[in-house]
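Me: I would like to go through this model by question and answer. Please keep the replies short.

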Amino acid sequence: MIYGLQRYRMLRKSEESFSFSADETEKKPQPDKLFTDILREGPALGIHVLAWVDTTASIDRTLDRGSMREFDHRILFQMSAADSSNLIDSPAGNKLGFHRALAYSEELGVMEKFRPYALPGKEWLEKVRNSLAAR
C-alpha cells in the first residue's frame, strides 16, 4: 500500500532511463525500475499494489502509460475532464458531484458511480455485537 505516491520521489521515472551510456560497470537497481517490475510481474506472484495519488501530474511524473495500465481498478473523485480522460479515457470524472466517486475497471471497461463512506463508529459495532450475542 502506498499512501501518497507523490511523496516517494525515488519512485519517479528517472531521466537515466531515457539515456544510453557506454559505461559497462554494474549499477545498483534503480527504485523506479524495481517499482515498475513489481507492477508488471507482481500480480502473478501474489503481490498487488494499492496506491493513492493526489493529482494526475503526480501520476505522470511517476508512471509511464504502460505502467498505468497495470492498475486495472481505479477510483476517481471530481476532477477536470482532461484529467479524467487521461486516467480512464472518459470525461466522466468531470460530471461527479461533491461526495461522489467513480469506480473504473479497465479490464471490464465498466464505470460505476458510488458514494464513498466512512467505517461505522464504535457505538454501531457495539450494538451489532450485543444483538448477535443475544441470539
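**A loop, a sheet and the whole chain**

Reply: To begin with one residue, H99 is placed in the loop that links helix 4 and strand 4. The model is a predicted one.

Me: What is the phi of H99, and is the residue buried or exposed?
Reply: Most residues other than glycine have a negative phi. H99 is not a glycine, yet its phi is positive, at about 60°. Exposed means a relative accessible area over 50%. H99 has a relative accessibility of 54%, so the residue counts as exposed.

Me: Which residue in the loop between helix 4 and strand 4 has a phi near 55°?
Reply: The loop in question follows helix 4, residues 81-88, and leads to strand 4. The residue is exposed, with 60% relative accessibility. Its phi is positive although it is not a glycine, and the residue is D89.

Me: Is S90 buried or exposed?
Reply: S90 also has its place in the loop between helix 4 and strand 4. The cut-off for buried is under 20% relative accessible area. S90 has 13% relative accessibility, so S90 counts as buried.

Me: Which residues does S90 contact, neighbours within four places in sequence left aside, and how many Å separate the C-alpha atoms of S90 and M111?
Reply: With those neighbours left aside, the contacts of S90 are S84, S85 and M111. M111 is 21 residues away from S90 along the chain, and their C-alpha atoms are separated by 9.7 Å.

Me: Where does M111 lie, and which residue stands opposite?
Reply: Strand 5 covers residues 110-114 and pairs with strand 4 through 5 bridges in the antiparallel sense. M111 is in strand 5, and the residue opposite is Y104.

Me: Which residue takes a positive phi in the hairpin of strand 4 and strand 5?
Reply: The hairpin has 4 residues between its strands. A positive phi near 65° is taken there by G109.

Me: Which residue is the bridge partner of H73 in strand 4?
Reply: Strand 3 has two faces: R74 and L76 are on the covered one, while H73 and I75 are on the uncovered one. Strand 3 and strand 4, residues 101-105, run antiparallel and are joined by 4 bridges. The partner of H73 in strand 4 is S105.

Me: How many helices and strands does the chain have, and in what order do they run?
Reply: The chain has 5 helices and 5 strands. Read from the N terminus, their order is β-α-β-α-α-β-α-β-β-α.

Me: Why is the chain described as more spread out than a compact globule?
Reply: For 135 residues the globule rule gives 14 Å. The C-alpha atoms fill a box of roughly 75 × 35 × 30 Å along the principal axes. The chain is more spread out than a compact globule because its radius of gyration is well over the rule's value, at 20 Å.

Me: How many Å separate the C-alpha atoms of T36 and K127?
Reply: T36 belongs to helix 1, residues 31-41. T36 is partly exposed, at 24% relative accessible area. K127 is 91 residues from T36 along the chain, and the separation of their C-alpha atoms is 45 Å.

Me: What share of the residues of the chain counts as buried?
Reply: The chain exposes about 10600 Å², of which carbon and sulfur atoms supply 56%. Of its 135 residues, the share that counts as buried is 24%.

Technical notes. Residues numbered from 1 in each chain as written. Predicted model: local features only at pLDDT ≥ 70, side-chain atom pairs only at ≥ 80, totals over all residues. Heavy atoms only, no water. Buried < 20%, exposed > 50% of the residue type's maximum accessible area, 1.4 Å probe, protein only. Pairing = 2+ DSSP bridges. Rg over C-alpha atoms; globule rule 2.2 N^0.38 Å. Areas by Shrake-Rupley, 256 points an atom, 1.4 Å probe, with all protein chains shown as cover. Contact = heavy atoms within 4.5 Å.
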